[in-house]
Amino acid sequence: MRTSTLILQTAALAIMPLQLMFSAFLLLRGHNEPGGGFIGGLVAASAFVLYAFTFGADSTRKLLRAKPQDLLAAGLLLGLASTIPALIAGQPMLTAHWWQLPLPGEGYLKLSTVLIFDIGVYLAVLGTLMTFVIGLMEVEQ
Amino acid sequence: MNLELVLPILIPLTAGALSLALWRSVRLQRYLAVLATLLLLIAGLWLMDTTLTQGFVVVEMGNWPAPFGIVLVADMLAAIMIVLTGIIGLAIALYSLASTPPGHETFGYYPLMHLLLAGVAGAFLTGDIFNLFVWFEVMLLASFALLTLGGERAQMEGAIKYVTLNLFSSAIFLSAVGLLYGMVGTLNLADIAQKVRSIDDPGMITVVSLMFMVSFGIKAAAFPLFFWLPASYHTPQVAVSALFAGLLTKVGVYALFRVFTLVFTQDVGYTHTLLLWVAALTMLTGVLGAAAQFEFRRILSFHIVSQIGYMLLGLALFTPLALIGGVFYIMHHIIVKTNLFLISGITFRLLGSYQLKDLGGVYRQRPWLALLFLIPALSLAGIPPLSGFFAKFIVVRATLEANEYLVAAIALLVGLLTLYSMIKIWAEVFWKKLPEHVTDASRLNSDVKDSGAWACYTPVVGLAACTLAIGLYGQPIYVLAETAAAQLLDPQRYINAVLGGAPQ
Amino acid sequence: MLSIVIDVVYFMLSLALLFAFIRLTRGPTLPDRVVALELIASVIVGYVGVHAIDTGVSSFLDVAIVIALTGFLAAIGFGRFVQRGGVRND
Amino acid sequence: MATLMALVVGILFAASIYMMLRRSIVKLVIGLIILSNAANLLIFVVSGLTRGAPPLIPDNAKAVAGAVADPLPQALILTAIVIAFSVLAFAVVLIRRAYEVVGTDDLDQMKDTDT
Amino acid sequence: MTELLVCTLLLAGASFMLLAAIGVVRLPDLPTRMHATTKAGALGAMLTMGGVAIYFADSAVSARAIAIVVFILLTAPIAAHVIGRAGYFTGVTLWEGTVKDELRERYGPISQRLASRDDKRP
Amino acid sequence: MMLLAVLSGFLVTALVPLLNRLAGSYIGWVLALVPALLAAYFASLVPEVSNGGRLLLEYPWMPGLNISLDFLVDGLSLVFALLISGIGVFILIYAGAYLKGHKDLGRFYVILLSFMASMLGLVLADNLITFFVFWELTSITSYLLIGFHHEDADARKFALQGLFVTAGGGLALLAGLILLGTITGEYSFSGLLESGTLISQHPYYTAALVCILIGAFTKSAQWPFHFWLPNAMAAPTPVSAYLHSATMVKAGVYLLARLNEPMGDTLLWSGTLMAFGTMTMITGAYLAYSNTGIKKLLAYSTVMALGTLTLLIGVGTELALTAFVCFLVAHSLYKGALFMLAGALDHATGTKDITRMGGLRHSMPLTAAITGLATLSLAGLPPLFGFVAKELLLEALLQSPLWSAGLLMATLFSAMLVVAVAGLLVIKPFFGATVKMPKQPHEAPMAMLAGPAVLALLALIFGVAPALPASLILDAAISASVGSPVATKLALWHGINVPLMLSAASLVVGAVLVHQWPKLQPRLHRLNSTMARRGPEAGYFGFMQGLAQFASWQTRRLQNGVLGTYLLILVLVTFGLTGYTLLFRYDIDLAFDLADSYFYEWGIALLVVAATVFACITQSRLASVASVGVLGFGVALTFIHFSAPDLGITQLLVETLTVILLVLVLFKLPPFVNLSTPWERYRDLAVAVFAGSVMALLMLAVLDVRYFESISTFFIENSYALAQGRNIVNVILVDFRQLDTLGEIFVLGLAAIGVYSMLKLRAEDQQKP
Amino acid sequence: MIGLFWNLLLALAWVTLTGSVTAMNLLAGLAFGYLALMVLQRHVPALHGYSRKIPRFAAFLVYFLKELIKSNLKVAYDIATPVWHMKPGVIAFPLVARTDMEILFVSSVISLTPGTLSLDISDDRKTLFIHAMFLQDEEQLRAELRELERRILKVFH
Ligand code: NA
Ligand code: NA
């Protein structure tokens, strides 16, 4: 039997952006409120799982553009990249670095190795879960 | 900062991530594998050099002071283990160039290999009990994936047992960490050690220490917790077997050495006596298991179990000489056992089987290979003047000096039975004529021009050279083991090095 | 008054959880169980809301957001399973 | 509350072990899931339970005013949950492949490798 | 006053949830149970979140409470649709008191097509 | 120089492949230069040693373990060194001819040279451990030599037997040596020599003694370990001549002689040695007489000789040790010669069975002559050195402080048999009618006769002028084993005395036995095969078989392939151990307070427990999965309730995704079936309940003790101040304990790789390595 | 949709320009954005009717809440009393809604309101199959559903 209906497809298209937006939100403010790379990544993965269940594995691959493994590799490399500033500075590995980039106006953007790391975590989680789900769905066919 | 302390973790992690990113280019992954393991070895030697001069090397991760952040700590034992990891990593990387089935290379073999090494290195270097758990899991998952890579029936069956029993071990470990944290409120090993020392009635600490003992005992494949090992180690492709054989169980042994010298020494009469009998029975059951096998890698697998007993014996006796023996044994065993697995792979390459009954005639066709086999095989059996003899000698001597005659007798008997197994392999694989029913014999001759042969033989020769060198020129190795043992027996130095801030 | 009401609400929600769980155990079909599971997720949303008021920590609401956004996925998964011909009474 | 939760954890351990001792691989997986939950809860319980005081620093403050729950075990458990999930995902796929290759879900029939 | 409002909303929300739970236990077949959970669950959450918004009287909190309600209203019917449809088409037995079924005859089990009217049955 | 000398054998092996190509069939002659030079070198040490000198040459090896490459040159070791290198010269030459054209000749020389070097190391080593190193090396090299015809299953089997027995003894020896080292604190023979009575009065003495004797007895083929030696005749003849007569089998008696001074001052020592020596002697002599294969026959007579040597050390008087040294030398000379001759006969006739030879004196006159000379020495007839030794032997036994008469009787008995054997060795092949043999007999080549000829001649010369070797070196050797300077007055003729009478008697009876042999032999042979079923060799095979059976039984029990069993054991060990320790070893208090829980906490707890129990008991897989989902929700509620929102969120998400994964996978899997029996289920339930109870108790006990406050205060205080984050849990994850998280994402990645490859890489897609 | 997007964008711009990131300010931004779009809608085709949608949506919300509570009380009553008053059944309901979003919205709202539950939609997207709990008076139910659909579609147009 078809597993997807018009209603589900339309709903998925409506819900998925919300989920993705929320996942980015969780990622970015995880340092101050519940959330962070993991939780954000898991929510993002949920969004893609919804998409995959609705539109199938192939469409999800196309939507993701990159292969899930590439997302994963990017996440891992970002995680490692967050150690580089400390190594360059000759500090112990994983020492955090913070930069405040002034924005036009009064605002400024707070950027840090911690954030880079969290993004790495996010991507790694997303890549991993996509590997699981897409892999399983493809095998199922 | 001591870069050499973080590099052994950072190099394989980076190599693993890069290999993953290079998913599509097997060629680059191959170059990277050799390069990264070579760098790992160099970093290990650098670390060992620093350890020799400084005693302890400590880096506080993220610049957060101990005991709050995670620290990496290297003493001599850790440095030794890292060097060995580098040696084995390099050997396996080279060997893999020729031996890895093409499908495996495109499905993550190299990333898995690097990350396994990273997990192993992390476990050796971390000074934090929970972080140890994390590295264990890195190592474990890498090993799960490597074990199942290829997807054959035996692999699946073996992997189910391997995975289940190791997960049980992990759960026990995690629970023990939780219980320990509940009591002492800290995770830093040095801090735990310090706090435990100041407890008047540390009975509960001892109780929890037994959970660590069981959990690490499972990882180390000690009696009666070893079942996962013989069920699985002979199932993956041979380079993976060899990598596991050399390093994985030793991480469990290392963890036992670490916590039962640094932290859990408040009731040595109980815990270490327990370890003593575990050690004895591990030796015995392992070697008997091997005697019952007629498959090259299964025999070797059971011998891993048996040899773990010797290492544990070193810890259990808890005397300076015994610890030296344990450390020496670890060094010897890692090199020798890896090599034997690699050789089993070469004979498999030649004859297409691991079953002794289907093998034969290698001595006639490949005398040099026969010699290369004899060196690690006899070393494993403790025949002088190879590395294994000195390892066994130190342990047995320590056992006798501790007046544990029965255990010493077992240790010696096990040596004899080990010899029996090695001779069985020798007689069946090398001496015996190639059985008539084996039709694949033509491969025996075609191998000469095999383009990848050098990659198979180089690590075997190198490891055999190490075995010989440890035997013939063992004094430097002995000094390393002695230094390591002295540090293990003086935990206050470790505590000061980590918590006092200043390197010793 | 609020604290009494909160306790009463906790009690009602606990009861709701248990009732829902009873349906989950009884089935008889998989969709019945999934419905029960969905209800449990909804009750937890309510529980989280009450808990936020009880503790005065609004950050707990994030838990509810996550449930609201992703909780129905399990149902979709099960639905997919059923429709792909999974054994109905199993 | 700790006592109650300790008893719950004990029951979880018992249940997980019972399930892992079954012969069906699916039950084994259920056992593994319960086991990881049990271990996580154990850490949570033995490192001290605190009601209604999450380790969050309020927006307007530089530090927490009163007592808050111990954040460290929470971080550990978070790590443990994710690790357990990874492992579980692997195990689940493993049993699926094993079932495909071996053709049974009876663990007792998967003993070719060591007999 | 605020407190009273909060109390009322909380109690009402919890009551609906409890009712939904009772319904899910008591009601005789899948679709009727889903009536209970989908609506009562959603309403219960809405009322509770209303209470939360009023209690905290903070725009950020209110925004989150509204978000929760919106998300629930968005997802609950979808879940109900998927489960209900799955249950229906895999032959969940309906309550004997069911009076009418205009869907069964329009469904082609082999073609898996669903027609608009009887005469167009696929 | 000494180090070089000892190791030269090893070093030269590297050149063998090259020489094999260059020297061709002369390789034996070329390589013989090595032992020849060595012999010359050792001979050059004779003057210094014969004056009672003792050379100690020290080379460091592993000082940390008291292991050094120290060499002790005294009379005893020098005699052995000379025998090893001297006989080695002829063996190497002989082997070149014996194995002429054999494709593995090069390998043979490699092993043989290694053996020679090991043997030299063994007799010269001063350090106990170095001694042991060489001891084991001789075992290994001899294994390789016995199994030289490795494609023959028997060769492999008996090579293993020899190795297993000697290496097994070797391990006991190692223990004994360690004990000795522990007693004296010094791991050297020279150290032992200066220890006085310290050793024999030490509590370790008996243990050390037993261990060392096991080592020595196995190596020197003493009863009941004698069986491996005749079986080792599967080796090529040069090997038998060298290892199994002249050198390796003497290593055990060498050790006994070496330790006689420091350890031999007890009744335990002498009694044991005498008893086992006598038993070995008799057994060897009898079996030699009852066998027909020429090499077996020689092997058993070697066993007899080894027994005699042990016996003499056991007697331990100055005279006995004199006899020991003389008998040792005499035996090495004639037995080496006889083995090489046996090889020549085999080579010439194609058979090893003396009953199938006859009348060879015509075709092989030279061989016959040399054989005659050697057998005379074997039989102990004047004027050969064997006679001198035999006289000394009988005299020593006459004067034995213990059991003199019995020993004499036994010795006489074996002497008769040996005389008979000697007779048979000459008469059967060379006299009588010419028999048809598998090959047309012809005289052996020079290379094969040179060695026996020289050795037989030496036996003659030493017999005629025994004072010559005595003054040169034998006295020194005797002194070394006695422990004090001895000056013997060896002579061929001591006049008519009791030993001579006894000797004569043995000759007469021996002659009768030769005559009766054709009648007796078949009967004895039958008797032997009956006895063999109960003898020590049967014991060996029984042991090996029993070992294999026990090993496979034990392995089947433990490693039975059933995951459930493994897990059951693990669980029982884990919780049995902790539970026992918790309850019975320490006084433990439990923090037990159920009253502090709110009712809704009971509700959550009930939900968790109910979900868990239902997940376990339901017969429906998906109900189980759904129930696990509820369990996850319950745990999440617990987290939320006790102040862990991040955990709650993560748990909920993970739970949802877990359920999804399970559902995706379960699609393929079969429904639940009850596979185990009710008994198994109750057993597992009991074990599970036990484990859970222990866990709960453990937690309650831990909750009670809480020795220290958590370090978390640091995180709480510094999270915002130093790490700029308000969510302390997240700050810990990404900053304070970032390394954990770094590891963790790699765990995730690994799982992804593993899953991906498992799903996508099919067995059929790849080729075998 | 485009209108909503622009409205959000304008609100964000407002927040950035004023430099104060609070919820109130964002709300203000939204309001100002809405006003701006109201002014603009006549000149931009894509924005036609945007200003009307918000009040219509609000009106619908009120209606919806009312229905939701009403239906819940009805269901609740049946659950809470021991005897079943319900007469459940599945009916086919012809849809006016055409676009994906409309159909989704209609079906969702139907699921959330009195005793009705959208089960599926026909392949030609013209008929929605609804499980109704109270089929005592089917025609009245159909009328109510049509009214509901009408109000929903008004928000879209
Ligand atoms: Na950091
Ligand atoms: Na009713």
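Let's start with chains B and C: no contact joins them, and their closest C-alpha atoms lie 25 Å apart. Keep in mind that this is a predicted model. Chains D and G make no contact either, although there the closest C-alpha atoms lie 12 Å apart.

So who does touch? There are 13 pairs of chains that touch, and the pair with the most contacts is B and F.

Today, though, I'd like to walk you through another partner of chain F, namely chain D. In this interface, 88 residues of chain D meet 102 residues of chain F. Together the two chains bury about 8,500 Å², with 75% of that area on carbon and sulfur atoms. Which three residues of chain D give the most to the area it buries against chain F? They are Leu4(D), Leu21(D) and Arg51(D), and they supply 8% of it.

Now to the polar side of things. Chains D and F share two salt bridges. If you'd like one to look at on screen, find Arg22(D) and Asp684(F): they form a salt bridge whose closest N and O atoms are 2.2 Å apart. Across the interface there are also 23 residue pairs in polar contact, with both residues at pLDDT 80 or more.

Where on chain D does this surface come from? Three helices of chain D each give two or more residues to the side touching chain F: α1 (2-20), α2 (25-46) and α3 (71-102). The largest share comes from α3(D), with 24 residues. And by class, that side of chain D has 60 nonpolar residues, 13 polar and 15 charged.

That's my tour of chains D and F, and I'm happy to take questions!

How values were computed:
Residues are numbered from 1 along each chain as its sequence is written. Chains are lettered from A and ligands numbered from 1 in the order in which they are written. This is a predicted model: local features need pLDDT of at least 70, side-chain atom pairs count only at pLDDT 80 or more; totals for chains, interfaces and linings use all residues. Side-chain values use heavy atoms; hydrogens and water are left out. Contact means heavy atoms within 4.5 Å. Buried area is the accessible area (1.4 Å probe) that two parts lose on being put together, summed over both. A salt bridge is a side-chain nitrogen of Lys or Arg within 4 Å of a carboxyl oxygen of Asp or Glu. A polar contact is a pair of N or O atoms within 3.5 Å; within protein, one must be able to donate a hydrogen and the other to accept it, and residues adjacent in sequence count only if both atoms are side-chain atoms. Helices (H or I, at least four residues) and strands (E, at least two) are DSSP runs, numbered from the N terminus. Ala, Val, Leu, Ile, Met, Phe, Trp, Tyr, Cys and Pro count as nonpolar, Asp, Glu, Lys and Arg as charged, and the others, Gly among them, as polar.
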